[in-house]
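Please consider the structure shown below together with its sequence. The explanation after it is meant for a reader meeting this structure for the first time.

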Amino acid sequence: MSQQPDVPVLELRGLRRVYGSGTTAVTALDGVDLSLQEGEFVAVMGPSGCGKSTLLNLIGGLDAADAGTVRLAGTELGSLDDDRLTELRRREIGFVFQFFNLIPVLTAVENAALPLRLDGRNDADELARHWLDRVGLGGRANARPDQLSGGQQQRVAVARALATDPVLLLADEPTGNLDSKSAAEIAGLLRQISVEWNRTVLMVTHDPVIASHATRLVLMRDGRILDDLALDGTLQAPRLALERAGLL
Ligand SMILES: Nc1ncnc2c1ncn2[C@@H]1O[C@H](COP(=O)(O)OP(=O)(O)OP(=O)(O)O)[C@@H](O)[C@H]1O
């Protein structure tokens with residue numbers, strides 16, 4: 001999928017998701033509009049239960065909205081059949097998770113190559129090595145996850161997420177299982193991926209220091225977007241925005 005100029009990488013319109021029905025219904029997303037341009041690094045923050053995971057699930061095509069649309073580089077996810085949605089998810093969205101989700105018996109390069117192998121690419125290992133190099137792990141390509149630190153394992157996961165050259169990288173608490181030094185390094189890598197490599201990154205985090213690496217901050221509460229602001233790279237900016245919004 002090539003990115004066309006002027007078409008947002010991601011466009012959400014009127015996104016709504018209600019779990020359950022009747023008196024026990026929970027409105028997890030209550031009319032979310034959001035547009036991301038190529039090269040942005042957006043941090044999403046908000047209190048527990050405000051709808052962040054639901055939002056990522058809908059953007060990642062893992063769950064369907066009750067109303068509204070998700071467009072990825074112009075393609076509306078709701079218009080795709082299951083096979084096309086699976087294909088788009090594998091090629092056009094890179095996922096990075098809190099607990100890395102690497103396969104323990106595979107080496108770093110085998111893990112990073114996995115989405116390409118699933119796609120039948122015969123240059124899978126070559127591309128995986130290229131991405132491991134770019135994320136600073138070229139020297140550990142043949143190590144298994146249990147031979148790598150947490151930060152290194154997350155780098156493998158980032159290489160795997162980038163291997164198919166997706167239009168969007170989704171990161172769900174990518175530093176939540178790391179010590180503060182490794183966490184800052186991974187957040188710095190995500191910033192490099194967006195600002196220097198012009199990839200688009202959407203990250204959910206609870207940590208305002210980690211959010212300070214992003215170029216833009218989206219604050220959520222009760223299934224809605226409360227604030228959406230550009231960040232200036234200072235450590236305090238997300239904390240001040242959270243305070244202003246009454247979320248701290
Ligand atoms: N499968 C489900 N069934 C019923 N309610 C759900 C389900 N998943 C989430 N919810 C509810 O929807 C709301 C939003 O949940 P969600 O997990 O998206 O929030 P979150 O911001 O990711 O929270 P956290 O920061 O704790 O992960 C919450 O009230 C939650 O209890």
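The following paragraphs turn to a sheet, a ligand and a nonpolar core.

The model is predicted. A suitable starting point is the open sheet, in which four strands are arranged in the order β2-β1-β4-β5 with antiparallel pairing. Its edge strands are β2, covering 26-36, and β5, covering 75-76, each of which pairs on one side only. In general, strands of a sheet pair through backbone hydrogen bonds, in either a parallel or an antiparallel manner. Two bridges join β5 to strand β4, residues 67-72, in the antiparallel sense. Leu 72 has Thr 75 of β5 as its bridge partner.

Attention may now pass to the ligand. The residues surrounding the ligand include Tyr 19, Gly 20, Val 26 and Ala 28, as well as Gly 46, Ser 48, Gly 49, Cys 50, Gly 51, Lys 52, Ser 53 and Thr 54. Two or more residues of this shell come from each of β2 and α1 (52-59). The most is given by α1, which supplies three residues. By character, the shell comprises seven polar residues, four nonpolar residues and one charged residue.

The last region is the nonpolar interior. Nonpolar side chains tend to be buried together in soluble globular proteins. Here the largest nonpolar core has 72 residues, among which Val 44, Ala 112, Ala 128 and Ala 159 touch the most other members. The element giving the most to this core is helix α5, residues 150-162, with six residues. Ala 128 may serve as an example: apart from its neighbours within four places in sequence, Ala 128 is in contact with Val 109, Ala 112, Ala 113, Leu 116, Ala 159 and Ala 163.

Technical notes
Residues numbered from 1 in each chain as written. Predicted model: local features only at pLDDT ≥ 70, side-chain atom pairs only at ≥ 80, totals over all residues. Pairing = 2+ DSSP bridges. Near = placed C-beta within 6 Å. Nonpolar A, V, L, I, M, F, W, Y, C, P; charged D, E, K, R; others polar. Core = buried A, V, L, I, M, F, W, Y, C linked by C-beta atoms within 7 Å. Buried ≥ 20, exposed ≤ 12 C-beta atoms within 10 Å, placed from the backbone. Contact = placed C-beta atoms within 7 Å.
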